[in-house]
Amino acid sequence: MGGQDDDLLTELFSSKVRSAVLRHLLPRPHLGFSLTDLTRLLDIPISSLQHECYKLERIGVLIARRAGNARLYRPDPSCPVLAPLTALVVAAIGMEPALRAAVESVPGLDAAFLAGSIPPTTGRRAPSGSAPGPVRLVLTGEVPLEALDAALERVASAMAIPASGIELAFFRPDDWRARLLEGNRYVAELLAGPRLHLHGGAVDTATSPMTSES
């Protein structure tokens, strides 16, 4: 015991700036952030961020790739402590922010929400006397197939359940609006129970555009 393990813990938890970087990056493993991005988002001097991101890259928590003149940092999927470290960050920031981070900047996504048995840690409760139903991740937009699967995996990770425990319901915008207008039973069911909004604009009216927002 001790030795290198203790050194890793010291490296991970000895800096407030490092903690801020981990809180932002780990729930968003699909996105890369430059030092300029991070200084704007976290309101931390770029010199401090550069020092901490270098350390996190050195110990194998982050990886960086060059995009033009910038280096984009993101979690290293091969890091052996990434999963428990991400779970710790999710517990610290709360499930709702983590879920919204999981669908942030998904290409082509118009709107996203969870429907059905919303976990109690999100603060959403099913109506009294209602039977628990499946957890459904509802996505609308022009989203590539691989991005759908990846978003489902991240949402499941944030909820600490297998991806097989979430039912994915994906609709292209015209299809969603058409089903709303015709009173489609399945769509009505998605909208009738508990919902947790994750991304985008109105989803329960066919006349309101589903404009993206972070």
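**Warm-up.** Which residue follows α8, and what is the sign of its phi?

*Solution.* Look just past the end of α8: you land on Gly183, and its phi is positive, near 70°. Keep in mind that this is a predicted model.

**Exercise 1.** Work out which residues of α8 are buried and where they sit around the axis.

*Solution.* Start with the helix itself, residues 173–182: Pro173, Trp176 and Leu180 are buried there. These residues span an arc of only 65° around the axis, so they share the same side of α8. The general rule helps here: an α-helix has 3.6 residues a turn, so residues three or four places apart point the same way. Now turn to the other side of α8, where Asp174, Leu181 and Glu182 are exposed. Last step: find the packing partners. The buried residues of α8 pack against β3 (109–116), β4, β5 (166–171) and α9 (185–192).

**Exercise 2.** Find Val135 and decide: is it buried or exposed?

*Solution.* First, place it: Val135 belongs to strand β4, residues 135–141. Next, check the accessibility. Val135 comes out at 11%, below the 20% cut-off, so it counts as buried. Then see what's around it. Beyond its neighbours within four places in sequence, Val135 touches several residues, among them Leu114, Met159 and Ile166. With Ile166, the C-alpha atoms are 5.1 Å apart, though the two residues are 31 residues apart along the chain.

**Exercise 3.** Describe the setting of Ser15.

*Solution.* Ser15 is in the loop between α1 (4–13) and α2 (16–25). Its relative accessibility is 12%, so Ser15 counts as buried. Finally, follow the side chain of Ser15: it reaches the backbone nitrogen of Arg18 at 3.1 Å.

Methods
Residues are numbered from 1 along each chain as its sequence is written. This is a predicted model: local features need pLDDT of at least 70, side-chain atom pairs count only at pLDDT 80 or more; totals for chains, interfaces and linings use all residues. Side-chain values use heavy atoms; hydrogens and water are left out. Helices (H or I, at least four residues) and strands (E, at least two) are DSSP runs, numbered from the N terminus. Buried means under 20% relative accessible area, exposed over 50%, partly exposed in between (1.4 Å probe, protein chains only). A polar contact is a pair of N or O atoms within 3.5 Å; within protein, one must be able to donate a hydrogen and the other to accept it, and residues adjacent in sequence count only if both atoms are side-chain atoms. Contact means heavy atoms within 4.5 Å. The arc is that of the directions from the helix axis to the C-beta atoms.
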